[in-house]
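Good morning, colleagues. I should like to take you through the pockets, the salt bridges and the surface of one protein model. Please keep the structure in view as I speak.

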Amino acid sequence: NIIRLGWKNVWRNPTRSGVVIIAVLLGTWAGVFLSAFFTGMVQGYLEDQFNLTVPHIEISHPKFEDLNNPEYYVPEARHILAELSQKPYVTDISTQSLANGLAQSARNSYGVSIHGIHPDSSQSIQDYLEKGMMPQHKQRNPVIIGSSLADRLGLELKSKIILNFQDTDGDITGGAFQIIGIFDSFSSVFDESNVFVNQQDLNRLIGLDQEIHSIRLTLEDFTETSIHATQLRKEFPDLHITTWGDAAPELKYTYEMTDLMMYIVMIIIIIALVFSIINTMLMAVLERTRELGMLRAVGMNKSRVFSMVLYETIFLTMVGTPVGLFLSWLTISYYNSTGINLAVFAEGLNAYGLSTVIYPTLPPIYYLNITLLIALAALLSAMYPAWKTLQLNPVEAIRKMN
């Protein structure tokens, strides 16, 4: 039986075979885990951006984005919100009044985006609150600011900050706000350039009643935003409706490159393994030149010798693969729940909007694809050593034996 003979030949030199098997095991584990790490990093980056900076779908007045004039609010917002709440694919709706202005303290000033939020709505900024509390109904002119802005302006909790911005008539207005909370998000740039106030306070100063400038939708599946956005554009043709891909093309590119990046990492490792396997099997074939020649001389045909070496190579590769996949699954499962803390690189990561805690993750189908990829690599690795056996001359092998 050629298959049984190929399996026995693997263990004729257990040390050499063991080294190759361990190399395959560690290579598989490292490749899969690195792929999961990068996938978790990208997914975490996307989720953070969706939670804080770029909604799945945003609805606004067509002129607001270009002119940033507060008079361009969403018309009939209540009616639109009622209709959107009936959409089965929408999991969360939030609204904001917006203004661009200047934040001032006794020490310094800095340009900021001012977000007017409703105290009762779910706001993702609350997840990043480091000190203090979120704005409440009964408070007058409360504000929460980022830790980077607080450092720049020399402010702390209960400090006063002056916010100046344009009202609906085009005049410069503003007010004194008290800092009731300081947040620290994944992005130092965001922390430095955004503040959050009560929607009613911002509207009063701008000159609006209950109007809003932005409706932000969170969908059940963010990959289907283009489909739903197209439907919404037909329902609300007079509104400006953008998807996360439209607002942040770099996020869309990052998402589309995730799968390719995973397989590139794995392919690089597999290529290194292929050369290691070819080297090992080629040595095994050259060492057994006389033996293989004698097998040919006593009647074993070329195809059976070729198959024997082929099976040896495949066994050598596939013994370590399942163990490597299992170890990578255990490692990924563990760190997916605990996370990998990269706080030591916090400053650099935050500058690029990346979280300091990475949760590796990998789609189940990837394990199957990797198994098939390694099997293909094993088959290709076996071709050259097996082909060398076909070049053996049985007569020369017999002469060498004599």
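Let me begin with a definition: a salt bridge is a side-chain nitrogen of Lys or Arg within 4 Å of a carboxyl oxygen of Asp or Glu. The model is predicted, so local features need pLDDT of at least 70 and side-chain atom pairs count only at pLDDT 80 or more, while totals for chains, interfaces and linings use all residues. Residues are numbered from 1 along each chain as its sequence is written, and side-chain values use heavy atoms, with hydrogens and water left out.

Side chains of opposite charge can pair when their charged atoms come close. The whole structure contains 5 salt bridges. I shall describe some of them, naming helices (H or I, at least four residues) and strands (E, at least two), which are DSSP runs numbered from the N terminus.

In one salt bridge, R233 meets D246 at 3.4 Å, N to O. Because R233 belongs to helix 8 and D246 to helix 9 (residues 244-247), this pair ties together parts that are 13 residues apart in sequence. For accessibility, buried means under 20% relative accessible area, exposed over 50%, and partly exposed in between, with a 1.4 Å probe and protein chains only. R233 is partly exposed at 33%, and D246 is partly exposed at 47%.

Helix 8 (residues 225-235) also holds E235, whose partner K87 lies in the loop between helix 4 (77-84) and strand 2; the pair therefore ties together parts that are 148 residues apart in sequence. Their N to O distance is 2.8 Å. Here K87 is buried, at 17%, whereas E235 is partly exposed, at 35%.

Next, R216 and E58 form a salt bridge at 3.6 Å, N to O. R216 is in strand 9 and E58 in strand 1 (residues 57-60), so parts 158 residues apart in sequence are tied together. R216 is buried at 13%, and E58 is buried at 19%.

Where else do R216 and E58 appear? Both are among the residues closest to the centre of the largest pocket, along with T53, L98 and H115, out of 29 that line it. On a 1 Å grid over the protein atoms alone, a pocket is an open set of points with protein on both sides within 12 Å along at least five of seven lines, a cavity is a set where a 1.4 Å probe fits but cannot get out, and lining residues have an atom within 4 Å of a point. The volume of the largest pocket is about 700 Å³, where a volume is the space filled by probe spheres set on the points, which are joined across faces, edges and corners.

The second largest pocket holds about 400 Å³. Its lining numbers 20 residues, with F50, N51, D92, S124 and T218 nearest the centre. Helix 2 contributes the most to this lining, with 4 residues.

The search finds 1 cavity of 30 Å³ or more. The largest cavity has about 50 Å³ of space. Among the residues lining this cavity are I270, L273 and T317. Helix 10 (249-287) and helix 15 (364-390) each supply at least two residues of that lining.

Finally, I turn to a loop. K138 sits between strand 4 (129-132) and strand 5 (142-146), and K138 is exposed, at 86% relative accessibility.
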